[in-house]
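Visitor: I am new to this structure. Please pick one part, look at it closely, and then show me what surrounds it.

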Amino acid sequence: MSCPQSQTCGSLLQREVDRNAIFLCGGIDNLVQTLSSPRIEVLENVTAAVGNLAAGTQNIKDALRKAGAIEPLVALLSHSELVSEFAAVALRNMSLKNLENQQVSLNCGCPFC
């Protein structure tokens, strides 16, 4: 069962203005820290939110990498079906047109990067 508040947050992150607001307000570090939650519903929502956020600008993709998002996302590829699917989308979005993120993903053991 997913948290309704997180679903709303994930939906908001589909708009570029909202992605930039999260970036500018320093919300990326908090999202990345949440990738280590032991609760599956939290992981489902945070991986979806990070995936939507990673669809933003190169600055956002770089900020996610610098905050340490890649390693936990790679680890989550072996989690439950939904979490691993969202983690894969997040890694794909972060790596799109971003060679440094691609290299870090490979170094962390991403099987498809």
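**A close look at one residue**

Guide: Asn-93 is buried, because its relative accessible area is 10%, and the cut-off for buried is under 20%. The model is a predicted one. Asn-93 sits in helix α7. Which residues does Asn-93 touch, leaving aside its neighbours within four places in sequence? They are Gly-51, Ala-54, Ala-55 and Lys-61. Two of these names will come back. Gly-51 belongs to the contact that α4 makes with α7. Lys-61 belongs to α5.

Start with Gly-51. Helix α4 covers residues 40-53, and helix α7 covers residues 81-95. Their axes come within 8 Å of each other and cross at roughly 20 degrees. An angle under 35 degrees counts as roughly parallel, so α4 and α7 are roughly parallel to each other. The crossing of α4 past α7 is left-handed. From α4, the contact takes in Ile-40, Leu-43, Glu-44, Thr-47, Ala-48, Val-50 and Gly-51. From α7 come Leu-82, Val-83, Phe-86, Ala-87, Ala-90 and Asn-93. So what kind of residues make up the contact of α4 with α7? Nine are nonpolar, three are polar and one is charged. Asn-93, our starting point, is part of this contact.

Now follow Lys-61 into α5. This helix spans residues 58-66. Lys-61 is buried, and so are Ile-60, Ala-63, Leu-64 and Arg-65 of α5. What covers them? The cover includes α2, α3, α4, α6, α7 and α8.

Take α8 from that list. Helix α8 runs over residues 99-107. α5 and α8 pack at an angle of about 30 degrees, and their axes are 10 Å apart. The two helices are therefore roughly parallel to each other. Their crossing is left-handed. On the α5 side, the contact is made by Lys-61, Asp-62 and Arg-65. On the α8 side, Glu-100, Asn-101 and Val-104 take part. By class, the contact of α5 with α8 holds one nonpolar residue, one polar and four charged. Lys-61 thus appears here as well as beside Asn-93.

Next comes α2, residues 16-24. Here the angle with α5 is about 40 degrees, and the axes lie 11 Å apart. α2 and α5 are therefore oblique to each other. The crossing of α2 and α5 is left-handed. Arg-19, Asn-20 and Phe-23 in α2 meet Asn-59, Ile-60 and Ala-63 in α5. That contact has three nonpolar residues, two polar and one charged.

The cover of α5 also includes α3, residues 27-34. Val-32 lies in α3. Is Val-32 buried or exposed? Val-32 is buried, at 9% relative accessibility. Beyond its neighbours within four places in sequence, Val-32 is in contact with Leu-64, Ala-67, Gly-68 and Ala-69. Leu-64 is one of the buried residues of α5. Gly-68 comes just after α5 and has a positive phi of about 90 degrees. Val-32 also leads back to α4. Its C-alpha lies 7.9 Å from that of Val-50, and the two residues are 18 apart in sequence. Val-50 is part of the contact of α4 with α7, where we began.

Step back to the whole chain. It has eight helices and zero strands. From the N terminus on, the elements run α-α-α-α-α-α-α-α. The chain holds 113 residues, and 40% of them count as buried. Of the contacts with a separation of 6 or more, 67% join residues 24 or more positions apart.

How confident is the prediction? The pLDDT averages 86 over the chain, and 87% of the residues score at least 70. Where is confidence lowest, and where is it highest? Helix α1, residues 4-12, is lowest, at a mean of 48. Helix α6, residues 70-75, is highest, at 96. Over residues 1-8, pLDDT stays under 50. For that stretch, the model has eight contacts beyond four places in sequence. Where pLDDT is low, the predicted coordinates should not be read in detail.

Note on methods
Residues are numbered from 1 along each chain as its sequence is written. This is a predicted model: local features need pLDDT of at least 70, side-chain atom pairs count only at pLDDT 80 or more; totals for chains, interfaces and linings use all residues. Side-chain values use heavy atoms; hydrogens and water are left out. Axes are lines fitted to C-alpha atoms, for helices over the stretch in contact, and angles run from 0 to 180 degrees between N-to-C directions. Helices (H or I, at least four residues) and strands (E, at least two) are DSSP runs, numbered from the N terminus. Angles under 35 degrees count as roughly parallel, over 145 as roughly antiparallel, 65 to 115 as roughly perpendicular and the rest as oblique. A crossing is left-handed if the near helix is turned anticlockwise from the far one by less than a right angle, and right-handed if clockwise. Contact means heavy atoms within 4.5 Å. Ala, Val, Leu, Ile, Met, Phe, Trp, Tyr, Cys and Pro count as nonpolar, Asp, Glu, Lys and Arg as charged, and the others, Gly among them, as polar. pLDDT is the predictor's confidence in each residue, from 0 to 100. Buried means under 20% relative accessible area, exposed over 50%, partly exposed in between (1.4 Å probe, protein chains only).
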